[in-house]
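Colleague: I would like to go through this model one question at a time. Please show it to me.

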Amino acid sequence: MTDGFTIRALEAGDPERIAATNGGPAWNAEPVLWQGYLADAAQGCRVVLIAFKGQDVVGYGTLLWQSGYLPFKAAGIPEINNLVVAQAARGGGIATAMIGRFEQLAASAGKPTIGLGVGLYADYGAAQRLYVRLGYQPDGRGITYGEKPVAPDQSVRVDDDLILWLTKSL
């Protein structure tokens with residue numbers, strides 16, 4: 001237990017609890033997503049953590065052992081993916097604790113570096129500041145749209161697919 005919340009691995013009954021949570025606009029309770037996460041976890045290709053405050057789900061996140069972002073994949077850098085804290089529970093250290101747990105898992109697996117991607121519009125402002133505060137730095141490859149590099153003078157839509165990739169040495 002950390003500051004009134006607990007973090008544990010995803011279990012079979014959790015997708016229904018996630019679906020019952022009003023987590024705000026970033027919250028994804030899609031049953032197909034969560035069944036896929038359960039299958040990925042069972043196959044060992046993804047670690048899924050859930051944060052609880054009492055009996056209520058207040059956050060979730062995953063660690064992909066093989067990132068879909070090609071530079072991370074080529075370098076064997078695991079990716080923190082789909083980290084979300086319910087809107088009402090933000091600012092309480094949940095994301096920081098979950099990231100710390102993912103970093104411990106990656107370090108224990110012998111990974112010298114961990115990475116993540118963050119959106120570039122204002123809705124991601126708190127996450128951007130958090131990641132920098134925790135020691136994450138841009139990977140130096142610029143931004144991507146749909147995990148493909150954005151070239152100079154290229155126009156792209158500003159949405160959730162516009163990403164800056166960050167890494168941290170463990």
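The turns below deal with a helix, a residue and a pocket.

Modeller: This is a predicted model, in which local features need pLDDT of at least 70, side-chain atom pairs count only at pLDDT 80 or more, and totals for chains, interfaces and linings use all residues. Residues are numbered from 1 along each chain as its sequence is written, and side-chain values use heavy atoms, with hydrogens and water left out.

Colleague: Which residues are buried in H2?

Modeller: Helices (H or I, at least four residues) and strands (E, at least two) are DSSP runs, numbered from the N terminus. H2 covers residues 31–43. Buried means under 20% relative accessible area, exposed over 50%, and partly exposed in between (1.4 Å probe, protein chains only). On the other side of H2, Pro 31, Val 32, Ala 42 and Gln 43 are exposed, while the buried residues are Trp 34, Tyr 37, Leu 38 and Asp 40.

Colleague: Why does Asp 14 count as buried?

Modeller: Asp 14 belongs to helix H1, residues 14–19. Asp 14 counts as buried because its relative accessibility is 2%.

Colleague: Which strand gives the largest share of the lining of the largest pocket?

Modeller: A pocket is an open set of points on a 1 Å grid over the protein atoms alone, with protein on both sides within 12 Å along at least five of seven lines, and lining residues have an atom within 4 Å of a point. Strand E4 (79–85), helix H4 (94–108), strand E5 (113–119), helix H5 (125–133) and strand E8 (162–169) each supply at least two lining residues. The largest share, seven residues, comes from E4.

Terms used. The expected span of a helix is 1.5 Å times one less than its number of residues.
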